[in-house]
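Reader: Please take a close look at one part of this model and describe how it packs against its surroundings. I would like the criteria spelled out along the way.

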Amino acid sequence: MRLASVSLVAGLCAAGSSGCGTEDPALTQPSTNGALAVESFTGTLAKGGTAFYSFTVPRDGNVSLTLLSLTIGGVPSDLSITMGLGVPRGTACQTQAQQGVTVGVTPQITNAVVPSVYCVNVNDPGNLTADAVFSVNIARPR
Amino acid sequence: MNRMKKLLPVFLVACLAGAGCGDEPTPTEPGPIVVAFSEYFSDVIAPAGTKFYSFGLVQDGTVEVTLASLTAATGGAVVNATPTVGFGIPAGTGCGVSTTVNAAPALAAQITQTLTAGIYCVRVSGDGGITADTNFAVRITQGKLNLKSTASPVTFSSNLGPKGASTQTFAVAGGTSGTATVTLATVFPSTTIGFGVGLWRPDTAACSLTQVINSSGGGQLSLGVDQGIYCVRVFDLNTLTNFVNFSISINHP
């Protein structure tokens, strides 16, 4: 009997009655599939050097970093450099972790973030044979 | 079941007494955590160059930015210039400034901002009369520092030898500002020496000079000061051949 009562209430709710305690998530939760903005960080990474780029994330979401290209003397390179997501601090980009990455078309690093200012740091750990021109795509919540 | 019946009145009495029935005792509210500190940004700026520094503001509050010192990278003389100091948010490969001022070095803030917690930056540009590589020192202060003023007025005497220098520090309490006046009272035997007032850098234990004059006694420097630690530096102008005795008086908020 008790189960039957519960089923009835559930049925009324399912029929679209409001005020039944369980609301349609689609009506009350903000979408997590919001628009993305893509920023391009291009520059020259000196042999043994470091470069960073700061950007603002206005809402919760994922930041994806893709090392799109790396060329030395105009020639594409498959050498590994390190890349990481961090926070601007002092005169640098302070990263929690960096990882070795090579050029690719899919993100090498993806992190869930809250709204704030972040930076992407690229660094030559000693692999470059000369200064390299690089391009990193930063996909972030718009 | 019988046991429950026996215990129920006990629970009710306990509930009426306000103990242990779901309502937590009113917790003691912790006091607000107040974060206040100074950090320092120093580097060398080239003509037409820019340098920036990022910092985090962990709670809403006031930030004071002070360009405190400009000295020649070669020789160390105080540089009279008014470079652009900017305040903003790190963006791209620089600092996206929203506020700028052309500032001569001083010990009172040239930029004061009331901000929400976040990440901000200060940028210094090599303009406004910067014609050669120049050392600069910027102080960034958040909130009211937990700092007491040192005694004032105070007189300090010491000896100064050839190629020597002597430094004395003083502190201006958190939340205090006013004018600091430093007087080179006497030099014996009489000769001309240099003295200056500047920002004391606890991180490097160095005195970044703001203003300097030469005097044989009676010379005076007066500067507006905010909360913080400052220094007076007395130095030989490379003219001394023997020790001299000097005395300075410092009067500050």
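Author: What follows covers domain 1 of chain B and its contacts, then the contacts of chain B with chain A.

This is a predicted model, in which local features need pLDDT of at least 70 and side-chain atom pairs count only at pLDDT 80 or more, while totals for chains, interfaces and linings use all residues. Residues are numbered from 1 along each chain as its sequence is written, chains are lettered from A and ligands numbered from 1 in the order in which they are written, and side-chain values use heavy atoms, with hydrogens and water left out.

Chain B is assigned domain 1 (38-142) and domain 2 (154-251); such bounds come from an automatic or database domain assignment. The C-alpha centres of these two domains of chain B are 24 Å apart. In contact (heavy atoms within 4.5 Å) are 16 residues of domain 1 of chain B and 18 residues of domain 2 of chain B. Between them the two domains of chain B bury about 1,300 Å², with 58% of it on carbon and sulfur atoms. Buried area here is the accessible area (1.4 Å probe) that two parts lose on being put together, summed over both. On the domain 1 side, B:Y40, B:L107 and B:R139 lose the most area to domain 2 of chain B, together 48% of what that side buries.

The two domains of chain B have zero salt bridges between them, a salt bridge being a side-chain nitrogen of Lys or Arg within 4 Å of a carboxyl oxygen of Asp or Glu. Nine residue pairs across this interface, both at pLDDT 80 or more, are in polar contact. A polar contact is a pair of N or O atoms within 3.5 Å; within protein, one must be able to donate a hydrogen and the other to accept it, and residues adjacent in sequence count only if both atoms are side-chain atoms. Strand 3 of chain B gives the most to the domain 1 side, with five residues; strands are DSSP runs (E, at least two residues), numbered from the N terminus.

Turning to the other chain, twelve residues of chain B are in contact with 13 residues of chain A. The area buried between chain B and chain A is about 950 Å², and carbon and sulfur atoms give 62% of it. In chain B, B:S54, B:G92 and B:I119 lose the most area to chain A, together 45% of what that side buries. One salt bridge is found across this interface: the side chains of A:R89 and B:E39 meet at 3.0 Å, N to O.

Notes
Helices (H or I, at least four residues) and strands (E, at least two) are DSSP runs, numbered from the N terminus.
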